[in-house]
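Here are a few exercises to work through with the model open beside you. Try each task yourself, then read the solution.

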Amino acid sequence: MKLEIEITNDGSSTIFIPEWNERYHSKNGALQESLYIYIQNGLHYLQKDVIRILEIGFGTGLNVLLTHAHQKPNTFIDYITFEPFPLSQDIYNQLNFSGLKGLENSKYLLDILHELPNKEPLNLNKFFSFMKYYQTIQEFQTTQKFDLVYWDAFGPRVQPEMWSLELCQKIYQLLENEGIIVTYCSQGQFKRNLKQVGFEVEVLPGPPFKREMTRAIKK
Ligand SMILES: C[S@@+](CC[C@H](N)C(=O)[O-])C[C@H]1O[C@@H](n2cnc3c(N)ncnc32)[C@H](O)[C@@H]1O
């Protein structure tokens, strides 16, 4: 599939897929959107010393960079992410994240994250462990439990299976009690699926130019 680099309205880059008319982030601001949804309303919402994060999917790596940049002192982060369709070096080299405020000098880390072999553990620092799975979330089998899910798949228009009742059920099983999911998606059917499997669903104001986002808690 053909991919194009785009600059979003806050100056941060994203990737556009012309064939799907779909982007990896909001055209209104990739950095702004990711910071608001995943960091402010996800990572910093949880008051825990150890936070086990699961991300669907890795994509550009922006959420990992932001989680690393906004890690609270003495909070241990254990981060796993899924990516069945990794980006080529030619594409990720064109991302401008290391020129953004708060992500200065992150190019070296971004390269390491993109080049990391399947399921190879990486310590970003003493309190941050990371692992990438080159497979779909649907294929993942584990007895591990997580505290926080960054649900950052392509939208339901192009990948409805990423917001299905079946996947909601799977993610519910993967979470600890009181564990949360955060996502930009606020589709009605997705929220009904979350409720049906047992989540308590919160609708929060969205990032700039988007009405809503979703956070759901396992009760
Ligand atoms: C919205 S984009 C990337 C968002 C990413 N967090 C970022 O900041 O760039 C969604 C990503 O999910 C990946 N993906 C597609 N199908 C998937 C699946 N079944 N399981 C996990 N990830 C998937 C895509 O390849 C893509 O990289």
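**Exercise 1. Work out how H5 and H6 pack.**

Start with the hand: H5 passes H6 in a right-handed crossing, meaning that the near helix is turned clockwise from the far one by less than a right angle. Before going on, note that this is a predicted model, where local features need pLDDT of at least 70, side-chain atom pairs count only at pLDDT 80 or more, and totals for chains, interfaces and linings use all residues. Residues are numbered from 1 along each chain as its sequence is written, and side-chain values use heavy atoms, with hydrogens and water left out.

Next, the geometry. H5 covers residues 165-174 and H6 residues 188-197, and their axes come within 9 Å and cross at roughly 45°. That makes H5 oblique to H6 (under 35 degrees is roughly parallel, over 145 roughly antiparallel, 65 to 115 roughly perpendicular, and the rest oblique).

Now list the contacts, meaning heavy atoms within 4.5 Å. On the H5 side you'll find Leu165, Cys168, Gln169 and Tyr172, which meet Phe190, Asn193, Leu194, Gln196 and Val197 of H6. Sort these by class and you get six nonpolar, three polar and no charged residues.

**Exercise 2. Do the same for H2 and H4, then say what H4 buries.**

Axes first: those of H2 and H4 come within 10 Å and cross at roughly 130°. That makes H2 oblique to H4. As for the hand, H2 passes H4 in a right-handed crossing.

Then the residues: Val64, Leu65 and His68 from H2 meet Leu109, Leu110 and Leu113 from H4. By class, this contact has five nonpolar, one polar and no charged residues.

Finally, look at H4 itself (residues 107-115): its buried residues are Leu109, Leu110, Asp111, Leu113 and His114. Buried here is under 20% relative accessible area, exposed is over 50%, and partly exposed is in between, with a 1.4 Å probe and protein chains only. The buried residues of H4 pack against H2, helix H3 (89-92), strand S6 (122-125) and strand S7 (128-133).

**Exercise 3. Describe the surroundings of Asn63 and Gln71.**

Take Asn63 first, which sits in H2 (residues 62-69). Its relative accessibility is 2%, so Asn63 counts as buried. Skip residues up to four places away in sequence, and Asn63 touches Ser34, Tyr38, Glu55, Tyr79, Tyr150 and Asp152. With Asp152 there's also a side-chain polar contact of 3.0 Å (a pair of N or O atoms within 3.5 Å; within protein, one must be able to donate a hydrogen and the other to accept it, and residues adjacent in sequence count only if both atoms are side-chain atoms).

Now move to Gln71, in the loop between H2 and strand S5 (76-82). Gln71 also counts as buried, because its relative accessibility is 17%. Leaving out residues up to four places away in sequence, Gln71 touches Ile77, Asn125, Phe127 and Phe128.

**Exercise 4. Is Lys2 buried or exposed, and what does it touch?**

Locate it: Lys2 lies in the segment before strand S1 (4-7). With a relative accessible area of 52%, Lys2 is exposed.

Check its partners next. The side chains of Lys2 and Glu4 are joined by a polar contact of 2.6 Å. Beyond neighbours within four places in sequence, Lys2 is in contact with Phe16, Ile17 and Pro18.

For a last distance, go from Lys2 to Ser186: 184 residues apart in sequence, and 27 Å apart in space, C-alpha to C-alpha.

Terms used
Axes fitted to C-alpha atoms, helices over the stretch in contact; angles between N-to-C directions. Helix = DSSP H or I, 4+ residues; strand = E, 2+ residues; numbered from the N terminus. Nonpolar A, V, L, I, M, F, W, Y, C, P; charged D, E, K, R; others polar.
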